[in-house]
Amino acid sequence: MRLIALSVLVASLAGCTRDSGFGGVQGRGRVAMGVDQYTSSHVFESWPDGGRIELQRNGSDSAGTARIRAHMRQISSSFSAGDFRVPGFVHARDVPGADVMSSRRAEITYTVEDLPRGGALRIRGSTPAVVLAIHDFLAFQRQDHHAAGHRGVDRADLPAPPPR
């Protein structure tokens with residue numbers, strides 16, 4: 001149901017997708033996530049087996065916290081099914097790494113965690129190629145959202161992915 005509502009909303013906001021700058025990302029993020037992106041904080045961390053996305057309200061906001069938690073559960077479900085339309089909408093473009101994460105979704109697990117003012121999505125890849133795609137996805141998000149986080153690993157420390 002929420003995906004249908006988001007699809008209708010995406011279609012009605014088609015003009016807004018032309019702005020790929022920070023303001024556009026923040027505005028579309030508000031639509032997709034249900035909370036003001038300027039009063040929320042994202043963290044995108046790359047870890048040796050994948051990474052973690054965190055979103056929390058900057059202050060006490062029980063309704064916003066509930067919306068973030070619902071959003072984290074929805075994207076966990078969508079990503080598990082190989083559906084990365086929400087990040088594509090928020091960023092008004094294909095998000096690096098999402099194509100591999102979608103096509104190799106059976107090699108990824110997603111775990112949602114409630115946080116005091118929001119939630120987190122832990123992403124674990126089971127192969128080096130998938131972990132690299134997760135890192136690309138998180139690095140792009142970190143940059144485009146002007147968010148906190150760290151790389152946490154050095155690609156040189158990871159085994160090379162097999163040839164495709």
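**A four-strand sheet and its aromatic core**

Start with strand β2: 8 of its 8 residues are buried, so the strand is largely enclosed by the rest of the structure. Keep that strand in view, for the account below returns to it. The model is predicted.

Now step back to the whole chain. It has 6 helices and 4 strands. Along the sequence they follow the pattern α-α-β-β-α-α-α-β-β-α. The chain has 164 residues, and 45% of them count as buried. Among contacts between residues at least 6 apart in sequence, 65% join residues at least 24 apart. The chain exposes about 8,100 Å². Carbon and sulfur atoms supply 55% of that area.

Next, the sheet. Its 4 strands form an open sheet, and the order is β1-β2-β4-β3. The pairing is antiparallel. At the edges stand β1, residues 40-47, and β3. Each of these edge strands pairs on one side only. From one strand to the next, the twist averages 15°.

Follow the pairing outward from β2. Toward β1, the two strands run antiparallel and are joined by 8 bridges. A hairpin through 2 residues makes the connection from β1 to β2. Two residue pairs help to place this register. Glutamate 45 stands opposite arginine 52 in β2. Serine 41 has glutamine 56 of β2 as its bridge partner. Toward β4, β2 pairs in the antiparallel sense over 7 bridges. Here isoleucine 53 stands opposite leucine 121 in β4.

Two helices lie across this sheet. Helix α3 lies across β2, β3 and β4. It runs at about 20° to β4. Helix α6 lies across β1, β2, β3 and β4. Its direction is at about 150° to β1.

What fills the interior? The largest nonpolar core has 27 residues. Those that touch the most other members are Ile53, Met101, Tyr110, Leu121, Ile123 and Phe137. Several elements give two or more residues to this core. Among the helices, these are α3 (62-80), α4 (85-91), α5 (98-103) and α6 (128-144). Among the strands, they are β2 (50-57), β3 (108-115) and β4 (118-125). Helix α6 gives the largest share, 6 residues.

Leucine 121 is a good place to look into this core. Setting aside residues up to four places away in sequence, leucine 121 touches Gly51, Arg52 and Ile53. Its contacts also include Met72, Ile75, Ser76 and Phe79. Tyr110, Thr111 and Val112 complete the list. Ile53 thus appears twice in this account: it is a contact of leucine 121, and it stands opposite leucine 121 in the sheet.

Two of those contacts, Phe79 and Tyr110, lead on to the aromatic residues. The count comes to 4 aromatic pairs. In one of them, the rings of phenylalanine 79 and tyrosine 110 have their centres 5.9 Å apart and their planes at 65°, so the pair is edge-to-face. Phenylalanine 79 lies in helix α3 and tyrosine 110 in strand β3, so the pair ties together parts that are 31 residues apart in sequence. Buried or exposed, how does phenylalanine 79 count? At 2% relative accessibility, phenylalanine 79 counts as buried. Tyrosine 110 also counts as buried, at 11%.

A further pair brings in helix α6. The ring centres of phenylalanine 84 and phenylalanine 137 lie 5.8 Å apart and their planes meet at 80°, so this pair too is edge-to-face. It links distant parts of the chain, 53 residues apart. Phenylalanine 84 sits in the loop between α3 and α4, while phenylalanine 137 belongs to helix α6. Phenylalanine 84 is buried, with a relative accessible area of 11%. For phenylalanine 137, which is also buried, the relative accessible area is 1%.

The two pairs belong together. Phe79, Phe84, Tyr110 and Phe137 form one aromatic cluster. Tyr110 and Phe137 are also among the core residues that touch the most other members.

Notes. Residues numbered from 1 in each chain as written. Predicted model: local features only at pLDDT ≥ 70, side-chain atom pairs only at ≥ 80, totals over all residues. Heavy atoms only, no water. Core = buried A, V, L, I, M, F, W, Y, C linked by side-chain atoms within 4.5 Å. Buried < 20%, exposed > 50% of the residue type's maximum accessible area, 1.4 Å probe, protein only. Contact = heavy atoms within 4.5 Å. Pairing = 2+ DSSP bridges. Axes fitted to C-alpha atoms, helices over the stretch in contact; angles between N-to-C directions. Phe/Tyr/Trp six-rings, centres within 6.5 Å; stacked < 30°, edge-to-face > 60°. Areas by Shrake-Rupley, 256 points an atom, 1.4 Å probe, with all protein chains shown as cover.
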